[in-house]
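Visitor: I have a structure open and would like to go through it. Can you take my questions one at a time?
Guide: Go ahead.

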Amino acid sequence: MKIIVCENYDEMSLKGAEIVKEQVNSKPDCILGLATGSTPVGLYACLSEMNKKGDVDFSKVTSFNLDEYYPISPENDQSYRYFMNENLFSKINIDIEKTHVPNGMAEDPEKACKEYDESILAAGGIDLQILGIGQNGHIAFNEPDDELYEGTHLTGLTESTIKANSRFFEKEEDVPTKAVTMGIGSIMRAKKIIILANGPAKLDIVTKLINGGITTNIPASILKVHPDVTMICTRDAYPEN
Ligand code: GLP
């Protein structure tokens with residue numbers, strides 16, 4: 001895993017956005033894997049600036065998001081579909097029909113998950129996957145557990161994730177307890193991955209990730225065996241400061 005340590009959030013966001021820009025410029029019809037959470041908001045802002053200036057064109061890009069709460073409607077302002085529309089899709093020239101977020105309202109989630117994986121494969125697989133990291137080491141909503149799942153699936157959220165994400169909701173009881181998430185296989189099949197970590201709240205998990213072994217207790221640790229992963233973190237999230 002390659003590591004880039006940045007002085008602050010803005011530098012981390014710009015570094016990440018530059019990698020996305022290079023990807024799209026070298027393959028205009030590429031497939032991007034996108035993440036939510038507070039971490040990539042700055043990266044998305046950089047991409048919309050770049051798009052406005054004409055430095056990058058998203059018109060041929062297809063995107064697949066990592067996860068969505070369940071059950072939740074796309075109109076709910078806490079849904080990840082809403083988040084993506086607000087923070088990125090409405091600000092760049094991507095064709096909204098080519099953007100995919102797991103369906104948080106699926107009547108048959110198992111079938112919907114299978115179809116989601118099939119659409120990623122049919123599109124040719126993810127060229128560049130953007131990831132954040134949960135304080136407990138989760139990626140997307142692949143939570144620490146005895147086993148990790150390969151494909152997109154419906155999962156329960158751990159108490160620590162519900163607590164961490166409650167900052168976006170009025171009260172903790174409002175946080176959905178389930179989510180649809182890409183599996184570890186869907187993520188690991190991406191040709192290139194960038195993982196962002198910002199701020200002191202991520203220092204502990206980044207330290208464990210860098211210094212520890214590969215374990216299902218830290219789902220992000222599987223990334224260590226991927227051939228093209230770059231971690232972009234701020235200095236206060238990095239152990240050697
Ligand atoms: C959320 C998302 C993840 C995200 C992580 C970190 O629950 N499912 O995709 O990477 O938690 O969020 P944040 O960037 O807000 O710290």
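**The ligand and the sheet**

Guide: The shell around the ligand has 4 nonpolar, 6 polar and 3 charged residues. Here Ala, Val, Leu, Ile, Met, Phe, Trp, Tyr, Cys and Pro count as nonpolar, Asp, Glu, Lys and Arg as charged, and the others, Gly among them, as polar. This is a predicted model, where local features need pLDDT of at least 70, side-chain atom pairs count only at pLDDT 80 or more, and totals for chains, interfaces and linings use all residues. Residues are numbered from 1 along each chain as its sequence is written, and side-chain values use heavy atoms, with hydrogens and water left out.

Visitor: Which residues are the closest to the ligand?
Guide: Of the 13 that surround the ligand, the closest are Ser38, Thr39, Asp67, Arg167 and Lys202 (a heavy atom within 4 Å counts as near).

Visitor: What does Arg167 place by the ligand?
Guide: A polar side-chain atom, 2.7 Å from a ligand oxygen atom. For Thr39, a polar side-chain atom is 2.4 Å from an oxygen atom of the ligand. Both are polar contacts (N or O pairs within 3.5 Å).

Visitor: New topic. How are the strands of the sheet ordered?
Guide: The open sheet has 7 strands in the order β1-β10-β9-β6-β2-β3-β5, with parallel pairing. Strands are DSSP runs of E, at least two residues, numbered from the N terminus, and two of them pair if DSSP finds at least two bridges between them.

Visitor: Which strands are at the edges?
Guide: β1 (2–6) and β5 (99–100), each pairing on one side only.

Definitions and conventions. Polar contact = N/O pair within 3.5 Å; in protein donor to acceptor, adjacent residues only side chain to side chain. Helix = DSSP H or I, 4+ residues; strand = E, 2+ residues; numbered from the N terminus.
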